[in-house]
Structures are given as structure tokens and as C-alpha cells.
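The following exchange examines how individual structural labels are justified. Each answer sets a computed value against the criterion that applies.

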Amino acid sequence: MNIVANWSYPTAIKMGRGRIKELADACKSLGMKKPLLITDRGLAPMAITQTALDVLEEAGLGRALFADVDPNPNEKNLEAGIKAYKDGGHDGVVAFGGGSGLDLGKCVAFMAGQTRPVWDFEDIGDWWTRANSDAIAPIVAVPTTAGTGSEVGRASVITNSETHVKKIIFHPKFLPGVVICDPELTVGMPKMITAGTGMDAFAHCLEAYSSPFYHPMSQGIALEGMRLVKEFLPRAYKDGTDIEARTNMMSAAAMGAVAFQKGLGAIHALSHPIGAVYNTHHGMTNAVVMPPVLKFNRHVIEDRIERAAAYLGIAGGFDGFYDYVLALRAELNVPANLTAMGIANDRIDELSAMAIEDPSAGGNPVKMTLENTKQLFADCF
């Protein structure tokens with residue numbers, strides 16, 4: 001089954017195998033003459049990245065690459081990226097890769113024309129209005145994983161290298177003008193990354209669906225996103241060349257990020273500090289803490305999860321859904337708990353303090369306090 005589609009929600013999305021060939025046209029449609037392709041160090045030498053650069057070069061758009069990007073991008077990577085952008089006289093960004101490449105690429109396009117420090121645009125109140133929106137460069141996003149959904153996000157996560165705290169930098173114009181979702185770019189993903197990114201997409205959908213805020217559109221998108229993960233993540237994990245599964249997982253990833261405009265919760269509030277302190281894979285960390293968080297929220301979300309279980313074809317209501325999550329994690333070789341992930345339980349106080357300050361904490365169905373968060377962390381070991 002060859003899936004090809006063009007969507008204009010929430011932005012222009014070109015979905016289907018081989019569509020990386022349309023990269024130069026996408027750049028030109030946004031007025032770019034000299035784009036800078038931004039990705040991470042691991043992806044830079046790979047064939048998929050070189051192919052993207054070939055497409056740009058053959059169309060007369062140059063061949064410029066910046067790849068000095070850490071797995072959890074920080075303000076130092078951002079400064080280096082802005083310098084490369086300005087020194088090269090670029091007029092737009094191709095954000096290419098997983099969450100780190102996409103987030104840094106988007107942030108370089110945003111910050112290249114600003115005069116204030118990046119921390120002035122944290123996702124707090126209306127801080128985004130401080131930005132000069134006319135100075136934001138156009139962005140084409142090309143995801144190479146199926147997880148973060150950053151390609152359809154209006155924010156970037158940047159880690160403060162001094163404090164090790166992840167900050168969400170927000171502006172509506174972070175949303176890329178064109179997204180190219182070519183499932184062939186995800187075929188070479190290692191199994192562990194397929195599992196981790198897929199579970200990130202599932203966590204986005206699950207938390208958005210469970211969050212107490214009113215946003216029925218996100219609610220519906222989150223529910224179908226979970227169904228796609230249930231049907232297609234095990235297939236993509238088992239056979240990385242299954243293009244139908246890869247395509248549907250790219251859809252699920254984008255859907256998760258659209259859905260979490262409704263809010264995230266404790267899964268992400270725990271995962272962000274763990275990732276910032278221990279540099280763990282974000283999606284895999286989400287998968288590890290998911291069952292304890294489900295139990296933590298049970299008394300508030302039980303009815304809602306029962307409805308989701310029915311839609312997903314899972315018998316047994318909340319308990320059935322919980323058992324399904326455990327079974328899915330086992331199938332994807334997710335570590336059983338944080339101890340199995342190689343993390344010691346000697347910094348629970350510090351991690352808990354960071355978790356309740358995390359922006360995701362506000363969307364959790366059960367109010368997170370220092371006391372109940374410490375207990376929740378303890379249950380994750």
C-alpha cells in the first residue's frame with residue numbers, strides 16, 4: 001500500500017516515500033535562495049543527508065551543512081549555528097533529523113535575527129511577543145525519525161548547559177512552512193531508536209489525551225495517534241524496511257505533537273530532568289516511567305482510559321490498557337525501570353524539584369507536589 005498525501009494542517013505536509021526529491025521546491029516556495037541544512041553529528045555523514053544536500057545543490061541552492069549539534073542541543077550549539085548561518089549569508093533553514101536536529105534548526109532560524117538572548121523567549125505567558133517576528137527566517141523541516149513531532153511544533157527544547165535544565169523556547173513562527181515526511185529516511189533507524197522515538201509519539205498522544213484541559217480536536221487526534229502506534233510500531237520495530245509501518249509512524253509522530261498543544265504531564269515532567277542530568281534517550285525514558293505515571297494518575301483518568309482501551313480494541317478497561325503498555329514495552333525491549341536503565345536513585349530530591357518546575361507538570365491530571373513526585377520517582381526505580 002503506497003501512502004502519498006498532501007496536508008495543509010497544521011502546516012503544509014508532504015507525506016510519502018521518495019518525496020525528499022521535492023526539498024528544493026519546498027525551499028523555493030518559501031523564498032529561500034541559499035538554505036543552511038542543520039542536522040546532528042551522527043546524521044551528517046549518512047547517505048540520506050548527502051542525498052538531501054545533492055537535491056539542494058542540483059537545484060542551484062548551494063550545499064551548506066551545519067552539524068555541530070548535541071543529542072540534547074544547548075545554547076552553545078545555538079550560538080555556533082547562528083554564526084554559521086550569518087557567516088554563510090543564508091536566508092532559510094532546512095531542519096533535518098530527529099528531535100535534536102529539528103529543534104536546533106528551528107531555533108537558529110528563529111534566533112538569527114533577534115537581538116535578545118534566547119532565554120527571553122521561554123514558553124512563559126506571552127514572552128514570545130518580545131521577538132521581532134519579521135526577522136524569523138523560513139524553515140523547511142525534514143524528520144528522519146518518527147517520534148518527537150518537532151517538525152510540526154511551535155517550539156524548540158534547548159538545554160541550558162550551565163544549569164542542565166531543558167527550556168522550551170516558543171514562537172508561533174517556529175512552525176515550519178513546509179514539512180517533508182519521507183518514510184524512506186527512517187528505514188535505517190536502529191531498532192533502539194525506532195522503539196524510543198515510537199514510544200515518544202505514544203507518550204505524546206497518551207498524555208495529551210489524559211490532560212485535563214479542554215481541547216476536543218487534540219483529544220481526537222491523540223486517540224487515533226495511539227491506534228496508529230499500536231498497529232504499526234511493532235511492525236516497524238520488527239522490520240525496519242516496512243514502508244507502510246514507517247509512513248504510519250511518521251503520521252503518529254506528527255499527530256502526537258499536534259495533540260500535545262492540549263498539554264503533557266508527569267511522563268514528560270520526569271523524563272526531562274532525567275534526560276538533562278543523565279543524557280538518556282528522551283523517548284526511551286518516557287517509556288520507562290510510563291507505567292508508574294499511569295498508576296499515579298489512575299483515580300482521575302480511569303474512565304477516560306477505559307474509553308481509549310475500547311477504541312484501541314483492548315479488553316479489560318484501565319487494567320487491560322496498563323497491561324498492554326507493559327507488553328508493548330517488553331516487545332520493544334524497553335528497560336523495566338530506571339535502575340535497569342543504569343540510573344542510581346541517589347538524586348531523587350534534585351530530580352523531583354526539577355520535575356515540578358517543568359512546564360509539562362502543569363498538564364498532569366493529578367497535581368504534582370514535591371512529596372508525591374518524590375514517591376513517584378521512587379516507584380520508577
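Q: What makes up the span of residues 194-379, in helix and strand?
A: In this predicted model, residues 194-379 are 73% helix and 0% strand, and the end C-alpha atoms of the span lie 26 Å apart. An unreviewed UniProt entry annotates these residues as "domain: Fe-containing alcohol dehydrogenase-like C-terminal".

Q: What is the make-up of residues 10-183?
A: Over residues 10-183 the chain is 26% helix and 20% strand, with its end C-alpha atoms 19 Å apart. The annotation for residues 10-183, again from an unreviewed UniProt entry, reads "domain: Alcohol dehydrogenase iron-type/glycerol dehydrogenase GldA".

Q: How do you know that Cys181 is too far from Cys205 for a bond?
A: A disulfide requires two cysteine sulfur atoms within 2.5 Å. The closest cysteine sulfur to that of Cys181 belongs to Cys205 and is 14 Å away, so the distance is too great for a bond. By the distance rule, the count for the structure is 0 disulfides.

Q: Why is Cys181 called buried?
A: The cut-off for buried is under 20% relative accessible area. Cys181 has a value of 1%, and is therefore buried. Cys380 also counts as buried, at 1% relative accessibility.

Q: Why is the pair of Phe110 and Phe121 called edge-to-face?
A: The structure holds 6 aromatic pairs. In the pair of Phe110 and Phe121, the ring centres are 5.1 Å apart and the planes meet at 85 degrees. Pairing requires centres within 6.5 Å, and edge-to-face requires planes over 60 degrees apart, so the pair is edge-to-face. Phe110 belongs to helix α4 (residues 99-111) and Phe121 to the loop between α4 and β6 (139-143), so the contact ties together parts that are 11 residues apart in sequence. Both Phe110 and Phe121 are buried, and they form one aromatic cluster with Phe174.

Q: What makes the pair of Trp128 and Phe170 edge-to-face?
A: The centre-to-centre distance for Trp128 and Phe170 is 6.3 Å, with 85 degrees between the planes. The limits are within 6.5 Å for pairing and over 60 degrees for edge-to-face, so the pair is edge-to-face. Because Trp128 lies in the loop between α4 and β6 and Phe170 in strand β8 (residues 165-170), the pair ties together parts that are 42 residues apart in sequence. Trp128 is partly exposed at 31% relative accessibility, whereas Phe170 is buried at 14%.

Q: Which residues have the most contacts inside the largest nonpolar core?
A: They are Phe202, Leu206, Met226, Leu270, Phe321 and Leu338, in a core of 104 residues. Helix α9 (residues 282-312) contributes the largest share of this core, 13 residues. The core draws at least three residues from each of domain 1 (10-183) and domain 2 (189-377).

Q: Why is Asn279 called exposed, and His164 partly exposed?
A: Exposed means over 50% relative accessible area, and partly exposed lies between 20% and that value. Asn279, at 51%, is therefore exposed, while His164, at 41%, is partly exposed. Asn279 is found in the loop between α8 (266-278) and α9, and its phi is near 60 degrees, a positive value in a residue other than glycine. His164 is placed in the loop between β7 (155-160) and β8, and has a positive phi of about 60 degrees although it is not a glycine. Most residues other than glycine have a negative phi.

Conventions: Residues numbered from 1 in each chain as written. Predicted model: local features only at pLDDT ≥ 70, side-chain atom pairs only at ≥ 80, totals over all residues. Heavy atoms only, no water. UniProt positions renumbered as here; feature names shortened; annotations may be inferred. Helix = DSSP H or I, 4+ residues; strand = E, 2+ residues; numbered from the N terminus. Buried < 20%, exposed > 50% of the residue type's maximum accessible area, 1.4 Å probe, protein only. Phe/Tyr/Trp six-rings, centres within 6.5 Å; stacked < 30°, edge-to-face > 60°. Core = buried A, V, L, I, M, F, W, Y, C linked by side-chain atoms within 4.5 Å. Domains from an automatic or database assignment.
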